[in-house]
Amino acid sequence: MSKQMEETDPTHQKYIASQEESLVPLREDLAMWIAKTLEIDVSADNFMDVLDNGVYICDLANVIHTKAEECVKEGKCTEEIPKARLKCKRNAPSGSWFARDNSASFLKWGRSFGMQDDSLFESEDLVSHKSERQVIITLLELARIGYKFGLEPPNIIKIEKELEKEDTPPTTPPPQTKPTTARSRPLNLDQEVRKMAAKCKCSDQVIRLREGTYSVFGKAVIIRLLQNRHLMVRVGGGWDTLEHYLIKHNPISAVEHRRKGSIDFLDGDDVVSGKFLYIKSKYKS
């Protein structure tokens, strides 16, 4: 399909929109974690604007560094902790070279703590808002390191750790982090999954195997509720929203198009249509 057709294709547009929306739950969760850990004003709405000069990301790294040193001192861990502390320019303006220096300092620190390149953002991803997704991936990995040394993690990491502790496939939903009130009663996971499957018109392809585990287009996946609002799917070492996952992995979707300027006309007794069907499929017939 041509680029021009992709830009007007409603299925493609829906996929792009769902791709952006899939970042919202993780952004919200990380913003809450950062706000609590550093006692700063950051939310899902101003997430990248607050972080893009690198200062608070460096602060997070230094909090974790302190936790790591405390663990060694208390004999809770034996691994060697890098001695060099991370320094940053606290008055660095957004988009400046000082902001890039802060980003570079963090990346150097991250590698010294064993973070792999595929889990690290590049300086421009943060400073120029080039890739929020990669920034989120880095912060999730940072939170995992912090958890190892005793730092309270974001809720999505708590769910990960609960799953890791289970020797068998999950049979219980993750614990709720908020008290139950009239406005925040726990949602029924299965009901919410079925609603989303119906919305994406693939109910027959989403089958409950056990509590929290579903067959989706023939593949067993783990689904959890984050913040009692967002349906999240465990994908590899990360997470995706269920809606984006369903749109992305739906084997076949079809969209009716009409060629520009075309009309239906009669050819003898037959009607020749100017419409055509575009079918997106992962499989070849």
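A polar contact here is a pair of N or O atoms within 3.5 Å; within protein, one must be able to donate a hydrogen and the other to accept it, and residues adjacent in sequence count only if both atoms are side-chain atoms. One such pair joins the backbone oxygen of S119 to a polar atom of the T138 side chain, 2.8 Å away. This is a predicted model, where local features need pLDDT of at least 70 and side-chain atom pairs count only at pLDDT 80 or more, while totals for chains, interfaces and linings use all residues. Residues are numbered from 1 along each chain as its sequence is written, and side-chain values use heavy atoms, with hydrogens and water left out.

**How far to trust it**

- The chain has a mean pLDDT of 83 (pLDDT is the predictor's confidence in each residue, from 0 to 100), and 75% of its residues reach 70 or more.
- Over residues 177-183, pLDDT stays under 50, and the model has 6 contacts beyond four places in sequence for them (contact means heavy atoms within 4.5 Å).
- Residues 281-285 also have pLDDT under 50, with 5 contacts beyond four places in sequence.
- Where pLDDT is low, the predicted coordinates should not be read in detail.

**T138 and N62, two buried polar residues to look up**

- T138 belongs to helix α8 (residues 132-148); helices (H or I, at least four residues) and strands (E, at least two) are DSSP runs, numbered from the N terminus.
- With 0% relative accessibility, T138 counts as buried (buried means under 20% relative accessible area, exposed over 50%, partly exposed in between, using a 1.4 Å probe and protein chains only).
- Setting aside neighbours within four places in sequence, T138 is in contact with F106, M115, S119, L120 and F121.
- N62 sits in helix α5 (residues 55-73) and counts as buried at 17% relative accessibility.
- Beyond four places in sequence, N62 is in contact with R85 and L86.

**The aromatic cluster**

- Searching the whole structure turns up 4 aromatic pairs; rings of Phe, Tyr and Trp (its six-membered ring) pair if their centres lie within 6.5 Å, and planes under 30 degrees apart count as stacked, over 60 as edge-to-face and the rest as tilted.
- F106 and W109 are stacked, because their ring centres are 6.1 Å apart and their planes are at 25 degrees.
- W109 and F113 are stacked too, with centres 4.3 Å apart and planes at 25 degrees.
- F106 and W109 are 3 residues apart in helix α6 (residues 97-112), which puts about one helical turn between them.
- F106 and W109 are both buried, and F113 is buried as well.
- One aromatic cluster takes in F106, W109, F113, F121 and F149, and two of its members, F106 and F121, are in contact with T138.
- Elsewhere, the charged end of R100 sits over the ring of W97, 4.9 Å from its centre (this needs NZ of Lys or CZ of Arg within 6 Å of the ring centre and within 35 degrees of the ring normal).

**Helix α10, from start to end**

- N188 lies in the loop between α9 (155-165) and α10, and is partly exposed with a relative accessible area of 38%.
- At the start of α10, a side-chain oxygen of N188 comes within 3.1 Å of the backbone nitrogen of D190.
- The C-alpha atoms of N188 and L225 are 9.2 Å apart, although 37 residues separate the two along the chain.
- In α10 (residues 189-199), the buried residues include L189, D190, E192, V193, M196 and A197.
- Viewed down the axis of α10, the buried residues fall within an arc of 160 degrees, so they line one face of the helix; the arc is that of the directions from the helix axis to the C-beta atoms.
- On the other side of α10, K195 and K199 are exposed.
- The cover over the buried residues of α10 includes β1 (206-210), β2 (213-216), β3 (219-226), β4 (230-235) and α11 (242-249).

**Positive phi angles**

- Most residues other than glycine have a negative phi.
- K201, just after α10, takes a positive phi of about 55 degrees.
- E39 has a positive phi near 55 degrees; E39 is in the loop between α3 (24-38) and α4 (47-51) and is exposed, with a relative accessible area of 71%.
- F217 has a positive phi near 50 degrees; F217 is in the loop between β2 and β3 and is buried, with a relative accessible area of 15%.
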